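Here's a quick tour of a chain for anyone who likes to check backbone angles before trusting a model. Have a look at the fold first, then at two loop residues.

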Amino acid sequence: AAGCMRNSILNTTATRIYGKISNTIKQVTLSTAGDISTASSTTTQTGTLIGSGIWVNATEDRYYTIEGSTVDTIKQGKFTTPGDITTEDDDGLTLTITPDTQGTLPSVLMTPDEARAIVCDGGGGTSGKVFQYDLATPEDITTGVKTFTFDGLALHRSEERRVGKEGRSR
């Protein structure tokens, strides 16, 4: 079945795009930096990934992705040859995450030092929350602990009430 490449990320040199389609990590290579008209692609099957969203580190030797349908997990893996997804190796490192709405997490982002994971809750438009996990050991997802929840939807509702009272400007 066809699908779209979800939650894609561009590498630091703008020569590779990484994304996910179902249980496949897709890599699109650009022969001219930032020019998608020069694109070619390759894919690799990555086990039983169900979720979406992928984040690849700056050296392109490690990735993090969301998987799961009822209990969400951040999975950490590696590319034994940096930037080459055909060398994908499942580290077996995972962190079970417990957002308010499980099964709807579209993306994971990592800080550049890989010491913190930011997880966005899709929630079908009902949650709008962003969760922060601090890693006791950078680059080891198994050491993550949820330390903060940001309620973006509540902030949006508060802004709607403020604008409603003040009237809309045209």
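What follows covers the overall make-up and then the two residues.

This is a predicted model, where local features need pLDDT of at least 70, side-chain atom pairs count only at pLDDT 80 or more, and totals for chains, interfaces and linings use all residues. Residues are numbered from 1 along each chain as its sequence is written, and side-chain values use heavy atoms, with hydrogens and water left out.

The chain has 12 strands and one helix (DSSP runs numbered from the N terminus: H or I of at least four residues for helices, E of at least two for strands). Reading from the N terminus, the order is β-β-β-β-β-β-β-β-β-β-β-β-α.

Out of 170 residues, 38% are buried, meaning under 20% relative accessible area with a 1.4 Å probe, protein chains only; exposed is over 50%, and partly exposed sits in between. About 9,000 Å² of the chain is exposed, and 52% of that comes from carbon and sulfur atoms (Shrake-Rupley areas, 1.4 Å probe; for residues, only the protein chains shown count as cover).

Take contacts (heavy atoms within 4.5 Å) between residues at least 6 apart in sequence: 36% of them join residues at least 24 apart.

Now the two non-glycine residues with positive phi:

| Residue | Phi | Loop between | Relative accessible area |
|---|---|---|---|
| Glu-114 | near 55 degrees | S9 (107-110) and S10 (116-120) | 3%, buried |
| Glu-139 | near 70 degrees | S11 (129-135) and S12 (144-151) | 38%, partly exposed |

Glu-114 counts as buried because its relative accessible area is 3%. Glu-139, at 38%, is partly exposed.
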